[in-house]
Each structure stands twice: as C-alpha cells, then as structure tokens.
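Hello! Here are some notes from going through the model, set out as numbered points. I hope they help as you look around.

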Amino acid sequence: MNEMHILAYVKASAAAQGLVLDDARAQRVASHLARTAHLAQLLEGFPLGVEDEPAELYRPLPFSEIPHKEGAP
Amino acid sequence: MKNTALEIEGLDSFALARAIRAGDCSACEVLEASMARIERTDGAVNAFTGKSYPRARQEAAAVDALCARGEALPPLAGVPYAVKNLFDIAGEVTLAGSKINRSHAPAAQDAFLVGRMQAAGAVLLGALNMDEYAYGFTTENTHYGATHNPHDLTRVAGGSSGGSGAAVAAGQVGITLGSDTNGSIRVPASLCGVWGLKPTFGRLSRRGSYPFVHSIDHLGPLADSVDSLALVYDALQSPDPLDPGCHASSVQPVGDLSRGLAGLRIGVLGGYFHEHASAPARDALMIAAKALGATDVVTWPDAVQGRAAAFIISAAEGGSLHLDDLRIRADDFEPLSVDRFIAGALTPAHWYLRAQRFRRVYRDKVNALFQHWDVLLAPATPVAAPEIGAEWIDINGTRHPSRPSMGLLTQPVSFAGCPVVAAPLWPAGSAGLPIGVQVIAAPWREDLALRAAFALQSAGVAHLKPVEL
C-alpha cells in the first residue's frame, strides 16, 4: 500500500468502525499505520506453512481436569 | 541499637526487612522516613499520582504489633512499596494513567499481586505515574505531568512504568511494581538506574491490573538491589487459576543467589542488538560481559521480525480494547498516543494473525537457543534517558523517533516470553546517566538471570547511585 492507499483505507475503515476522524487526524493515523504496514511487510517475507498455528492462550479446560471414568461415555 | 532516619534511608529493602525483624527499627519508623522522603522529593520527580498514607500507617502498625507480640514476621514485613497506577488498590480508582478512568468506580479489592505484597507484610505508600494505558516508553503523561528522571530532572524516567523506576531511583521507596508488555519495566529501570525483573510470561498473576495487550502483558517488580528484587519476586509468586494468562502451577523459589557463575554458559547478543545500541549502551554491555566472563557473541533468531510482530499485536489489541472510548471521546485520550491507538484499531486482521502465527515459530527458535546458553546479555535501551519532549534520538548516526525506539532492544525478548533482569550499569560517555543491561534466561529460569545479576552486583559494576534532590 502506498501513502494514498493507506489514507483511503484509514478513512474507509474508520467510518466502518464508527470512528469520526477529521482530515488532520486521519493523516496522523495514516502515518502511524504506514509504520505498522512496513513492519507487517517484514513478516510477509517470513516463511509460514498452513500448519503454523497462532500462539495459544485459549484453553477450553485444563487438561488434567477432564474426568475419565471407567464405564462412562 | 535503633537506626536513625538517615541510616534507614541508606538501607536497601532487603536490609530494611532484616533490620525490622531484628528490632533495630520499627515498621512505623521506616514508614515515617519513606513518607518524609516522598514529601521532600516528589514535587521535583512527580512519581506519585496517589498516596495511601492512612492504609500505610495501618499496615505498618500491624507489623509492629506482630513484633511486640513476638510473633514470626513475613518476609517483607514493614518494607515500603508503591505500585504503578494500573494495579487495583481497594477503595481507589484504577487510573491506568488516563483521564477517562477517573469516572470509574473505585476498585472493590486489591489486585492479586497487591494482596501478595500485603500478605508478605509490605506497606503500600501509593500509586505511581505511567504512560496512558501503558502505551509509551517515556511517561510524558499530559494528564498527570511527566515523571522526571531523578538523575537529571530535565530527562524522561522511561516508561510506561516511569513512576515505578523514578520512585526507586529517588529513594522514595525501595520496591515498586510495574508492568512490562514491550519493555515497560526494563526501559525505566535502564533510564533511572534501578533493578527490574520482567518474569516469564505467565509466571505472575495479572488479575486486578488494567490490561494493555492480553497476549503479551507481564507484571513484575523494580527494586534497589538484587537481594530486594529476589525477595519481592518470591513473595509475588503464586499460582492463580482465575487468571487465564497465569501458567505457573507451582512456586519456584529463587534459591541461593550467591552460588556464583559455575556451570552457567553466558553469551553476548550481537547482530540486531549491537546495531541498535549507541556507544554508551555497548559500553554498558561490555562492562557486564567482562564482569561475567562472557566473550562469545550469540545471534538471537529473527529479532527484527520479533519486534515487528510485538509492535503489530500491541497496536491491534490495544486499539481494540479502547475502541468504544475512541469512538465517542477520542479527545479525552493522551494526545501523544491517541492516534496510535486509532491506527491500532484499524489494523487489518491478516497482519495481526500473521504476527500471532509467527510467534509460535519464533518461540520454538528462541527456546532452541537456550539449549546452548543459560544466560544472554544485551543492552536494555539504545541510549541513556532523552530530554523530556525530545522527538528524535540518534543511534549511531541514524535518527529514530524517540518514543517508540526506546523499546527496540526489549521488544524481541519479551515477545518470546523469556525472563529478564534489567541491571543498572554506569557506562562512559553517557554524561553520568545509567543504561541498563538485560540479563536474559530461558522461560521459567528467573533463578539463573537473578544469579548472574547478583554476580554483577557483587562485582560492583551494577548498582544504584544516590541522587541529589
């Protein structure tokens, strides 16, 4: 994305999110997002396979607490 | 023999705990000395945003009552401390550095770690300044004023736990609690010349603290010596099944810090960490490496991408967390960070998810590194404390934006979740200002980082320096 694309993206996505930005703020936000875009580009070059899942935080239940009783389904 | 107020001010927290236990001074005497120091110095430093003196008097009196009855004292009995104002304190509003949170109800109970400190007998003096919602590295807070570096009042204290670093450096309290997502304990420890510990991600409960980035937030202590740091860290440890991010299922005490370096494989991080360090920061690292006998240069895997991913996840989660307020009252946010919060809220999902997927691969590579090394060293900040209001810093002839760049050397390490002690070094060429060195160990091996830090302290190269205020 070039600067013009980023500014257009900021204005469109802010509107979709219900964020009201005047022109000056939209410009400042776009420059911050441009910095993030540059960093995201660094990750685009990193090889990831379809099996590389996100780092985990969510656990449905601690594993040791799952009851396994004989005869139970 | 009783200690005078002057002698009490000269003791670190570890020694204070011992003096109170031995009956050399009372908890109330220690408290009075600490309150007097705060009143004398905080007009210049601006570390505190709230003081809890009535509670402190009650807690100190309870310790002295235990003493009078001849009962056993808990490990931090009578030791003064304060907390970054994102920790819940029962009956107080948790500001998290913001104006917006002033309208929130007071906390119904203490944060989990404040409860741990109380159980250990420590005495809470108040709440400390920070960057709004922890999104910053300088504690230039527009709502509550900048916190000033006690070693040079024209300079920043670092952030986002700037009040936590400055309060220890100013001798107001010897122990503080802070939070560290991308460097927010290690940066102020580095710039203020105090000890800091960012534990393993998931070691300490975060329950009752105001979050910034759920995926990366850590809590931990800052202190006036390694002995104090280890003492408070052990007191804070406790499994907490109610915090989904608290992964430690048992307490692992630090053990004997004075065991020395025998058997420890210690390396020095080069590459990215060398390129983003100024000459004084490199000098600080070399002083530490020499003291620990570390000569081998080690490459941290994918540090550039690690920092990039930490940056993206922080922006996206931070922006999302505050989206409701950004929609209706953006002008009440900190002017220095509101546009970054909005940009974060607009982060494309692909960038965020790719950063999270990268993190898993990254973690495995970093953990593999520790099959060959026990402790790794790197500077904590690229430069010493910049002046308040500085927009740019110079790193080896290249201009970088001052505020985000203070975390260049800390972000890749915390993103992996490794424990780090920030050790206060005093290099040449920094106009007498400190620069910290990160003492990094494998996840769950805080004990090794603290052992190496203790060796730095014993060698006399890492320590606090008194300030004139």
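Is B:D180 buried or exposed? B:D180 is buried, with a relative accessible area of 0%. Please keep in mind throughout that this is a predicted model.

1. **The pair at B:D180.** B:D180 makes a salt bridge with B:R186, and the closest N and O atoms of the two are 2.9 Å apart. Its partner B:R186 also counts as buried, at 0% relative accessibility. Both values fall under the 20% cut-off for buried, so neither end of this pair counts as exposed.

2. **A bridge between the chains.** Do have a look at B:D339 and A:R28, whose side chains meet in a salt bridge with an N to O distance of 2.5 Å. This pair crosses between chains: B:D339 sits in helix α13 (residues 338-345) of chain B, and A:R28 in helix α2 (residues 23-44) of chain A. The two ends are not equally covered, because B:D339 is buried at a relative accessible area of 6%, whereas A:R28 is partly exposed at 38%. The pair also belongs to a network of salt bridges that links A:R25, A:R28, B:D331 and B:D339. For the wider count, a search of the whole structure finds 23 salt bridges over all chains.

3. **Around helix α15 of chain B.** B:E391 and B:R403 form a salt bridge, with their closest N and O atoms 3.2 Å apart. The pair links distant parts of the chain, 12 residues apart: B:E391 is in the loop between β13 (375-379) and β14 (392-395) of chain B, and B:R403 is in helix α15. Here B:E391 is partly exposed, with a relative accessible area of 46%, while B:R403 counts as buried at 15%. B:S402 lies in this helix too, which spans residues 402-405 of chain B. B:S402 is buried, with a relative accessible area of 3%. Leaving aside residues up to four places away in sequence, B:S402 touches B:P386, B:A390, B:E391, B:W392 and B:I393. B:E391 therefore turns up twice, as the salt-bridge partner of B:R403 and as a contact of the buried B:S402.

4. **Two packed helices.** How do α5 and α8 of chain B pack? Helix α5 (residues 112-119) and helix α8 (residues 226-236) meet at an angle of about 115 degrees, and their axes are 8 Å apart. That angle makes α5(B) roughly perpendicular to α8(B). The crossing of α5(B) past α8(B) is right-handed. On the α5(B) side the contact is made by B:L113, B:R116 and B:M117, and on the α8(B) side by B:V232, B:A235 and B:L236. These contact residues divide into 5 nonpolar, no polar and 1 charged.

5. **Backbone spots to check by eye.** Most residues other than glycine have a negative phi, and most peptide bonds are trans. With that in mind, B:Y133 has a positive phi of about 50 degrees although it is not a glycine, and B:A134 likewise has a positive phi, of about 70 degrees. B:Y133 lies in the loop between β3 (123-128) and β4 (140-141) of chain B, and B:A134 lies in the loop between β3 and β4 as well. B:Y133 counts as buried at 1% relative accessibility, and B:A134 counts as buried at 6%. Elsewhere, the peptide bond from B:G159 to B:S160 is cis, with omega near 10 degrees. B:S160 has its place in the loop between β7 (152-156) and α6 (162-169) of chain B.

How values were computed: Residues numbered from 1 in each chain as written. Chains lettered and ligands numbered in written order. Predicted model: local features only at pLDDT ≥ 70, side-chain atom pairs only at ≥ 80, totals over all residues. Heavy atoms only, no water. Helix = DSSP H or I, 4+ residues; strand = E, 2+ residues; numbered from the N terminus. Buried < 20%, exposed > 50% of the residue type's maximum accessible area, 1.4 Å probe, protein only. Contact = heavy atoms within 4.5 Å. Axes fitted to C-alpha atoms, helices over the stretch in contact; angles between N-to-C directions. Parallel < 35°, antiparallel > 145°, perpendicular 65-115°, else oblique. Left-handed = near helix turned anticlockwise from the far one by under 90°. Nonpolar A, V, L, I, M, F, W, Y, C, P; charged D, E, K, R; others polar. Salt bridge = Lys/Arg side-chain N within 4 Å of Asp/Glu carboxyl O.
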